[in-house]
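Biologist: I am new to this structure and would be grateful for a close look at a single part of it. Please choose one region and describe how its pieces fit together.

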Amino acid sequence: MATINPHIHFNGNTEEAFEFYRSIFGGTFSKIIRFKDISFEGFTMPEEELEKIMHIALPIGATTKITGSDVPKMLGVVNEAENRSKITITANSKQEADALFNGLSEGAAIECELGQSPWGSYFGSLRDKYGIEWMIEFVG
């Protein structure tokens, strides 16, 4: 069965926040990707954004992790008084990821089509018909 993990957006202080979370939960980061670490055709970032966190993951316990990212200024500022979290589902197979994404897609606004990501996972994201944001991935 798939696992569900929270993903939190920040206004440029993801690394600081996750160091705080690590001081509370313990452990080590399983992944840290900065915007400067990714490259694919059509992707450009302003110089001042390159050191910001594109993706960070902190395992908590045996099967749970919390993930986060900085929102680039070109996408606006996160309203910290509103919901700024996404629910991440890590599927056990590509087929399970497809089924979950397709099911949640009914009436949804697709943010990122499900497919191979530049960071190596099978990934897609959407805002469902109820306004809940989901990220589905399979790492295989």
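Modeller: Two strands are said to pair when DSSP finds at least two bridges between them. With that in mind, I shall take the two hairpins built around strand S7 and the helix that packs beside them, in what is a predicted model.

Strand S7 covers residues 122-127 and takes part in both hairpins. In the hairpin of S7 and S8, five residues lie between the strands, and glycine 131 has a positive phi near 90°. These two strands run antiparallel and are joined by six bridges. Tyrosine 122 is one of the residues involved, with phenylalanine 138 as its bridge partner in S8. The ring of tyrosine 122 has a further neighbour, for the charged end of lysine 94 sits over it, 4.7 Å from the ring centre.

The other hairpin links S6, residues 109-116, to S7. Here too five residues lie between the strands, and glycine 120 takes a positive phi near 105°. S6 and S7 pair in the antiparallel sense over five bridges; within this pairing, isoleucine 110 stands opposite leucine 126 of S7. S7 itself is mostly covered, with five of its six residues buried.

The hairpins can now be placed in the sheet. Eight strands make up an open sheet of mixed pairing, in the order S2-S3-S4-S1-S5-S8-S7-S6. S6 and strand S2 (31-34) are the edge strands, each with a single partner, so one side of each has no neighbour in the sheet. On average, neighbouring strands of the sheet are turned by 20° against each other when direction is ignored. In general, strands of a sheet pair through backbone hydrogen bonds, and the pairing may be parallel or antiparallel. Both senses matter for S8: S8 is antiparallel to S7, whereas strand S5 (residues 85-90) pairs with S8 in the parallel sense, over four bridges. In that parallel pairing, the bridge partner of threonine 90 is glutamate 137 of S8.

Helix H2 packs on the sheet and touches S5, S6, S7 and S8, its direction making about 15° with that of S7. H2 comprises residues 94-104, among which Glu96, Ala97 and Phe101 are buried. Seen down the axis of H2, these buried residues fall within an arc of 125°, so they line one face of the helix. Their cover includes strand S6, strand S7 and strand S8 (133-138). The face turned away from the buried side of H2 carries exposed residues, namely Gln95, Ala99 and Asn102.

The region therefore joins a helix to a set of paired strands: H2 touches S5, S6, S7 and S8, and its buried residues line one face because they fall within an arc of 125°. In the strands beneath this description, S7 is bridged to S6 and to S8, while S8 also pairs with S5.

Notes
Residues are numbered from 1 along each chain as its sequence is written. This is a predicted model: local features need pLDDT of at least 70, side-chain atom pairs count only at pLDDT 80 or more; totals for chains, interfaces and linings use all residues. Side-chain values use heavy atoms; hydrogens and water are left out. Buried means under 20% relative accessible area, exposed over 50%, partly exposed in between (1.4 Å probe, protein chains only). The arc is that of the directions from the helix axis to the C-beta atoms. Contact means heavy atoms within 4.5 Å. A charge sits over a ring if NZ of Lys or CZ of Arg is within 6 Å of the ring centre and within 35 degrees of the ring normal. Axes are lines fitted to C-alpha atoms, for helices over the stretch in contact, and angles run from 0 to 180 degrees between N-to-C directions.
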